[in-house]
Protein chains: 2
Amino acid sequence: MSDRAQLGYAKTMSAAEQKTSEYTPYAAGIDIGGTKTLVGLADRAGNVKIHRQFPTNPESDPEAHLLKAVEALNLCLGALGADIKSLIGIGVNVPGLADPSAGKLVFAPFLGWRNVNVRSFLQEKWPEIPVEVANDVNACAGGEQKFGKGKYYDSFLWVTISTGIGGGLVINNEVVAGEHQLAGEIGHVMVDWDKGLPCGCGNNGCLEAHASGTAITRAAATVIRNEPESSLARFFKNGQRELSAESLANAARQGVPEAIDIYEQAGTYLGRAFSYCINIFNPGAIIIGGGVSLSFDLYESAIRRIVTEGVIDDCNKTIPIITTGLGYQAALVGAASLVMG
Amino acid sequence: MSDRAQLGYAKTMSAAEQKTSEYTPYAAGIDIGGTKTLVGLADRAGNVKIHRQFPTNPESDPEAHLLKAVEALNLCLGALGADIKSLIGIGVNVPGLADPSAGKLVFAPFLGWRNVNVRSFLQEKWPEIPVEVANDVNACAGGEQKFGKGKYYDSFLWVTISTGIGGGLVINNEVVAGEHQLAGEIGHVMVDWDKGLPCGCGNNGCLEAHASGTAITRAAATVIRNEPESSLARFFKNGQRELSAESLANAARQGVPEAIDIYEQAGTYLGRAFSYCINIFNPGAIIIGGGVSLSFDLYESAIRRIVTEGVIDDCNKTIPIITTGLGYQAALVGAASLVMG
């Protein structure tokens, strides 16, 4: 709404002003993931009104990739009969280290991209549009805080369980950045000091190496390969049927004991890492998102058992451990939320 | 200084007003520990100008104990030629759960004290003096942030290693309370999931059970008892010489191998717990206080080795891990700092 309309002058507006006053404000989100990029528009209540998706190609030039996102964003605006004037701003998630104050992607390990000036690139196209850049998991935490179940807690831990595992800390309603923008690395806390599996980060025994989607399917693949007579190998037709965290969850739900065990083992390790966080910063809740959160029923009780063993104080033992209500689009809502004060 | 003096009317002040204007402001600190209570006065720069000490008697009525602290405080004021008008306020540390907003001690497990209205009790004596109450370890973290090495970091972890182990988180220059005033329980994060020793909290494998002053002397006592021919048993004359964290440190410094091993083992466990904190909230430093911090040289390299193994990113691997510069009086400075905005 224009200032004049806000002041009660709506009746005296020109036709052009009336058109301006009809713009619905949207926050744009660009969620650059390791395998796909989502672009969408959310209203002020955090509802995604439209979105488009295209693959993230690590071989691609980062600026060419951002140009594709700009095209997708224009298509989204067009589909809603809106244009760039409708934009409150553009929030961009990057899958790695971000420098929010400079509006830069610092380093995205999986993509191999370094020092991409996201804000200045987008503002070359649209000079007056605010652009915010954040680490994708921190953006999810912020989106959950503003529009998800996080709004009920002053402090919570956000955890994305997907290909890898990332975390975001919200303390007193603010996402904690850390001294070097590295806070929330729950995927790399040690959950097994003695027989830890190797992690992509170079250490052994990290949570990510034991409980990510990748770790879960790797554990299943080992059983299928080494125990061809097992129920799990038979379920997956000895490797003929596609193995993923999702298909393994289906196996567990159909009673395949090795699949149940693998999910419970992952829950045990998640419980260990959660117990550290709970004791250290006493959050009001732990909220889980990412693809593997869709199988939460398969590992919730293991998490709860270990958390009960591993934390001090009854308040901590009964902490809510829940999944995001924002679903598949949590990261896109998180990106859009970056420009919604 | 009186309001009139601040307004530039010093020359017209009465003799009584002139006397008032000469008061040096002091912050009082009352540090109620599990075994002793320290009472003192600090100037605005956090320097303790005078202090007194008396035993904390768990059998004592909490209000009778506070009365003794009031007497000690009056003696401190008298010794400096000051009186109650000099006081900026009184900060009180309690060895347990505090409710800072209500000014209450909620529960001090070691003393068995519950629901002590510290603020209202002290304000009955001195109605106009601000009184703040905090958990002792959180107060230490705050004192370190205002007056110690913590002032060089926006975020740090404070760790007290003493009879037990406690922690305080400072994030963006604020001590983090947590959802139930329970943040900072680093003494109760698990450092050994498989063969953990029993902890006073009821769990097994907590840091406190493996690396506190109590744990260190317990480990030494076991060696002395079970290996009477060992260098350690000989050093302690098979139990005839007093065993403490301090005397064990002396043994280690004199080259007794079992004493060296015990301190290094404690460092290993401290490194595990620190690695969790570093990955989770990426502090600028870890600052250690408490009696066992005096033996930091004996376990520093073990901490550093494990932290290097257990954290992601070079920034985290090289985090400063240092001891408090406030020494023995860190907790008293922390208490006084509670009333120094």
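Reader: Two strands count as paired if DSSP finds at least two bridges between them, right? Then which residue does B:Ala98 stand opposite?
Author: B:Ala98 faces B:Leu105 in strand 6 of chain B. Strands here are DSSP runs of E, at least two residues long, and helices are runs of H or I, at least four, all numbered from the N terminus. One caution: this is a predicted model, where local features need pLDDT of at least 70, side-chain atom pairs count only at pLDDT 80 or more, and totals for chains, interfaces and linings use all residues. Residues are numbered from 1 along each chain as its sequence is written, chains are lettered from A and ligands numbered from 1 in the order written, and side-chain values use heavy atoms, without hydrogens or water.

Reader: Got it. How many bridges join strand 5 to strand 6 in chain B?
Author: Three, and strand 5 and strand 6 (residues 104-108) of chain B run antiparallel. They belong to an open sheet of three strands in chain B, ordered 5-6-7.

Reader: And which strands stand at the edges?
Author: Strand 5 (97-99) and strand 7 (113-116) of chain B; each has a single partner strand, so one side of each lacks a neighbour in the sheet.

Reader: Switching to helices: at what angle do helix 5 and helix 13 of chain A pack?
Author: At about 85 degrees, with the axes of helix 5 (residues 136-147) and helix 13 (residues 330-337) 7 Å apart. Axes are lines fitted to C-alpha atoms, for helices over the stretch in contact, and angles run from 0 to 180 degrees between N-to-C directions. Helix 5 and helix 13 of chain A are therefore roughly perpendicular (that label covers 65 to 115 degrees; under 35 is roughly parallel, over 145 roughly antiparallel, the rest oblique).

Reader: What makes the contact?
Author: Among the residues are A:Cys140 and A:Phe147 of helix 5 of chain A, with A:Val333 and A:Ser337 of helix 13 of chain A. Contact means heavy atoms within 4.5 Å.

Reader: Last topic: what rotation superposes chain A on chain B?
Author: One of 180 degrees, with 0.0 Å of shift along its axis and an RMSD of 0.0 Å. That is the relation of a two-fold axis. The superposition is by least squares on C-alpha atoms of residues with pLDDT of at least 70 in both copies.

Reader: Which residue of chain A comes closest to the rotation axis?
Author: A:Tyr276, at 3.4 Å by its C-alpha. Also, 100% of the interface residues of chain A are interface residues in chain B too, so the copies meet through the same surface.

Key. Two strands pair if DSSP finds at least two bridges between them.
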